[in-house]
Amino acid sequence: MKEFFYTFIYTPLYNGLVFLIDVVPGGDVGIAVILLTIAVKFALFPLSVKAVRTQMLMKEIEEPLRKIQQEYKDDKQKQAEEIMKLYREKGVNPFSSILLILLQLPVIFGLYWVFFRGGLPSVDASLLYPLIPFPETVNMRFLGLIDMAGKSALLAFLAGFTQFLQARYAMPAPPQKKEGEERTFKDDLAHTMHLQMRYVLPIVVAFIAYTISAAVALYWTTSNLFTLAQEWYMRARVKREKEGENAENTA
């Protein structure tokens, strides 16, 4: 497993970073980090689009899903059958977003490992592919201001803040229970998870980003900003598709 990770994930990403350091002006590692993060996010974009679409569809069926749960709360087998029927009718695969996230995790961890254990400004020539040139200059000061090997309170704050914005935009608050509806353990768990993802995770991200290095903080910030733009794009796209469908139905 370790060999697979280093051969197919870590080494290609490391070579990508070194290549970008060689081509960006002045060998600016910070710019190379941003470009590599964006390149990987674009490569994963088709998978991410499917995950976002699934999340949006799940949001749309919350009300009928809640009705089924209340109507068949004493018959779990019937409840499960009706829920699966609803998923089929709406074209929702509730496990697809989980699968897509699992597929992305090795790449995300690989990026993190490149920035955390890359050893820059020293470049390990033994890891480079034959076509990857050895960079003449490795400039660890991002835009001449921030040391990528050191700690940056500013970038750590931006990493945490953009994580908060991403969670707030992508994870709206769970729907409030209507009067007379029972509050289940699942509801309490969802509420707790929502609070942790929105408020606790950004603090954890900022702390880790500051503790490790400015390069990791910059990667996290860039990744979060890209994800926010992706969410905005997908919501606008789905809205246009629905408006087009409504226009066809009323024509």
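**Helix packing and selected residues in a predicted model**

Thr227 touches Lys41 and Gln166, once residues up to four places away in sequence are set aside. This residue belongs to helix H9, which spans residues 214–250. Thr227 has a relative accessible area of 11% and is therefore buried, given that buried means under 20%. The model examined here is a predicted one.

Helix H9 also holds Gln230. With a relative accessibility of 6%, Gln230 likewise falls under the 20% limit and so counts as buried. Apart from neighbours within four places in sequence, Gln230 is in contact with Phe45, Ser48 and Val52.

It helps to step back and look at the whole chain. Nine helices and two strands are found in it. Read from the N terminus, the order of these elements is α-α-α-α-α-α-β-β-α-α-α. The chain has 251 residues, and buried residues make up 39% of them. Contacts across the sequence can be described too: among those between residues at least 6 apart in sequence, 78% join residues at least 24 apart. The chain exposes about 15,100 Å², with carbon and sulfur atoms supplying 64% of that area.

Val107 offers an example of two residues separated in sequence. This valine sits in helix H6, residues 96–117. Val107 and Val40 are 67 residues apart along the sequence, while their C-alpha atoms are 8.2 Å apart in space. The two residues are also in contact, and Val107 further touches Ile9, Leu13 and Leu44, leaving aside neighbours within four places in sequence.

The next step is to see how helices pack against each other. Two packed helices are described by the angle between their axes and the distance between the axes. For helix H1 (residues 2–23) and helix H2 (residues 29–43), the angle is about 130 degrees and the axes are 9 Å apart. This angle makes H1 oblique to H2, because it lies outside the ranges that count as roughly parallel, roughly antiparallel or roughly perpendicular. The crossing of H1 past H2 is right-handed. On the H1 side, the contact is made by Leu13, Gly16, Leu17, Leu20 and Ile21, and on the H2 side by Val29, Ala32, Val33, Leu35, Leu36 and Val40. Sorted by class, the residues of this contact comprise ten nonpolar, one polar and no charged. Leu13 and Val40, both listed in this contact, are also among the residues that Val107 of helix H6 touches.

A second pair is formed by helix H4 (residues 62–71) and helix H5 (residues 76–90), which pack at an angle of about 165 degrees with their axes 9 Å apart. Since angles over 145 degrees count as roughly antiparallel, H4 and H5 are described as roughly antiparallel to each other. H4 passes H5 in a right-handed crossing. Pro64, Leu65, Ile68 and Gln69 of H4 meet Gln79, Glu82, Ile83, Leu86 and Tyr87 of H5 in this contact. Its residues divide into six nonpolar, two polar and one charged.

Finally, the strands bring a residue with a notable backbone angle into view. Leu143 lies in the loop between strand E1 (141–142) and strand E2 (146–147). Although Leu143 is not a glycine, its phi is positive, at about 55 degrees. The relative accessibility of Leu143 is 55%, so this leucine counts as exposed, the cut-off for that class being over 50%.

Key
Residues numbered from 1 in each chain as written. Predicted model: local features only at pLDDT ≥ 70, side-chain atom pairs only at ≥ 80, totals over all residues. Heavy atoms only, no water. Axes fitted to C-alpha atoms, helices over the stretch in contact; angles between N-to-C directions. Helix = DSSP H or I, 4+ residues; strand = E, 2+ residues; numbered from the N terminus. Parallel < 35°, antiparallel > 145°, perpendicular 65-115°, else oblique. Left-handed = near helix turned anticlockwise from the far one by under 90°. Contact = heavy atoms within 4.5 Å. Nonpolar A, V, L, I, M, F, W, Y, C, P; charged D, E, K, R; others polar. Buried < 20%, exposed > 50% of the residue type's maximum accessible area, 1.4 Å probe, protein only. Areas by Shrake-Rupley, 256 points an atom, 1.4 Å probe, with all protein chains shown as cover.
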